[in-house]
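User: Please take a close look at the internal cavities of this model. I would like to know what lines them and which parts of the chain supply the lining.

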Amino acid sequence: MIGRLTGILTEKQPPGLLVDVGGVGYELEAPLSTFYDLPETGAQVSLFTHLVVREDAHLLYGFAREAERRLFRVLLKVSGVGPRMALAILSGMTADEFARSVESDDTTALTRLPGIGKKTAQRLIVEMRDRLEQGDFAGALAPGASAPESASEGDSIADATSALVALGYRPAEASRMVRPFASAGSSTEDLIRSALQAAAQ
């Protein structure tokens, strides 16, 4: 099991990133909460990881904080929740918001996330209630300060839209979510965060 990687961040395009560790490039997928905290490419980064082994692939997921990975692993134990849906949940709301949704039986908040219907939301609430009480995930996913992006406004819009599509939103919907927040100097991370916050309201 690969539990942690420390190396040079060579590529980042939500939800994928590439980390060079001693000349070996590791491809990972990460929730947007981790992307908000990533340094610029070329800088050193350290990530907690979770390896998913399938018949056709070995998939590595990276997290800025151990508590993020812990919640990801708990989500994977819920019937019908796979890695992609778990990433969408971690990307679309903070741990506090998720815990409140579970505790208050708020299926509406959960169904705003891509790929989660009413039945899945109900199953998440039922199965996660006891598990959340066993571990404190408060603040685990609070976005940190993002580094400034050097990309142009057009590139930021395209990258943010692409990231939302990778999370499960339809291309037209993702574009519509991003456009109201596009302004000069907006980073990809800022656009994604604003679009997801607006979608959750």
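**Cavities in the predicted model**

Analyst: In this predicted model, the largest cavity holds about 60 Å³ of space. The count comes to 2 cavities of 30 Å³ or more, and the second largest has about 40 Å³ of space.

The lining of the largest cavity is made up of Gly92, Met93, Ala109, Arg112, Leu113, Tyr169, Leu196, Ala199 and Ala200. Helix α9, residues 188–200, gives the largest share of this lining, with 3 residues. By class, the lining of the largest cavity divides into 7 nonpolar residues, 1 polar and 1 charged. Arg112 is the charged residue and Gly92 the polar one.

Around the second largest cavity lie Pro15, Glu29, Arg84, Leu87, Ala88, Ala166 and Leu167. Two helices, α3 (83–92) and α7 (153–167), each supply at least two residues of this lining. The largest share, 3 residues, comes from α3. The lining of the second largest cavity has 5 nonpolar residues, 2 charged and no polar ones. Its charged residues are Glu29 and Arg84.

A word on confidence follows. The chain averages a pLDDT of 80, and 87% of the residues score at least 70. Over residues 138–152, however, the pLDDT is below 50. Beyond near neighbours in sequence, that stretch has 38 contacts in the model.

How values were computed
Residues numbered from 1 in each chain as written. Predicted model: local features only at pLDDT ≥ 70, side-chain atom pairs only at ≥ 80, totals over all residues. Heavy atoms only, no water. pLDDT = per-residue confidence, 0-100. Contact = heavy atoms within 4.5 Å. 1 Å grid on protein atoms, 1.4 Å probe; cavity = no way out; pocket = protein on both sides within 12 Å on 5 of 7 lines; lining within 4 Å. Points joined across faces, edges and corners; volume = space filled by probe spheres on them. Helix = DSSP H or I, 4+ residues; strand = E, 2+ residues; numbered from the N terminus.
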